[in-house]
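Student: Got a minute to look at a model with me? I'd like to go through its aromatic residues and its nonpolar cores.

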Amino acid sequence: MALQNRDLATASTTPAACKGAEQSMGKRLQQELMTLMVSGDKGISAFPVSDNLFKWFGTIHGAAGTVCEDLRYKLSLELLSAYPYNAPTDKRSALYDVRTILLSIQSLLGEPNIDSTLNTHAAELWTNSTVFKKYLLETYMKQVTSQEP
């Protein structure tokens with residue numbers, strides 16, 4: 001049975017097929033960039049790094065009225081394996097676009113699923129917004145200062 005989702009780097013297809021898939025995905029990412037730029041969504045942005053449409057830099061601002069308000073998160077997005085490459089070009093589609101991913105992350109920052117978390121300490125603190133905000137700011141500041149040159 002053929003694999004439904006293959007990465008360009010590991011796909012056993014001809015170079016011409018890979019190039020066609022890459023061009024198709026490039027078109028899609030250009031459209032996503034334009035959609036993101038004109039969407040007017042508050043607190044999210046993303047742009048390709050240099051001329052590489054497959055590597056983007058994004059930012060998410062914590063939504064107003066949440067414990068993440070006034071915080072800004074930087075993301076590095078690798079956008080390569082979003083399509084099933086063995087499907088015909090006109091049948092390829094990604095489940096999510098860049099805009100949807102950024103909005104989902106922004107939403108989760110303000111309303112995390114504390115029943116399914118990797119950070120159990122943060123989940124325990126979530127019920128007390130003052131204590132959680134203090135913990136969040138301490139963790140955020142550690143991360144920001146460790147990234148500064």
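Student: Tyr-73 and Tyr-140, buried or exposed?

Tutor: Tyr-73 is buried, and Tyr-140 is buried too. Keep in mind that this is a predicted model.

Student: How many aromatic pairs are there?

Tutor: Two. One is Tyr-73 with Tyr-140.

Student: Why is that pair edge-to-face?

Tutor: The ring planes stand at 80 degrees, so the pair is edge-to-face; the cut-off for that class is over 60. The ring centres are 5.5 Å apart.

Student: Where do the two tyrosines sit in the chain?

Tutor: Tyr-73 is in strand S3, residues 72–78. Tyr-140 is in helix H4, residues 129–147. They are 67 residues apart, so the pair links distant parts of the chain.

Student: And what about Trp-126 and Phe-132?

Tutor: They also form an edge-to-face pair. Centre to centre is 4.9 Å, with 85 degrees between the planes.

Student: Trp-126, buried or exposed?

Tutor: Partly exposed, because its relative accessible area is 23% and buried means under 20%. Phe-132 has 9%, so Phe-132 is buried.

Student: Switching topic. Which residues touch the most other members in the largest nonpolar core?

Tutor: Trp-56, Leu-77, Val-98 and Leu-102, out of 15 residues. Helix H1, strands S1, S2 and S3, and helix H2 each supply at least two residues of this core.

Student: What is Leu-102 in contact with?

Tutor: Leaving aside neighbours within four places in sequence, its contacts include Leu-36, Ile-44, Ile-60, Leu-75 and Leu-77.

Student: What does the second core include?

Tutor: That separate core has nine residues, among them Val-67, Cys-68, Ala-122 and Tyr-140.

Key: Residues are numbered from 1 along each chain as its sequence is written. This is a predicted model: local features need pLDDT of at least 70, side-chain atom pairs count only at pLDDT 80 or more; totals for chains, interfaces and linings use all residues. Side-chain values use heavy atoms; hydrogens and water are left out. Rings of Phe, Tyr and Trp (its six-membered ring) pair if their centres lie within 6.5 Å; planes under 30 degrees apart count as stacked, over 60 as edge-to-face and the rest as tilted. Helices (H or I, at least four residues) and strands (E, at least two) are DSSP runs, numbered from the N terminus. Buried means under 20% relative accessible area, exposed over 50%, partly exposed in between (1.4 Å probe, protein chains only). A nonpolar core is a set of buried Ala, Val, Leu, Ile, Met, Phe, Trp, Tyr and Cys residues joined through side-chain atoms within 4.5 Å. Contact means heavy atoms within 4.5 Å.
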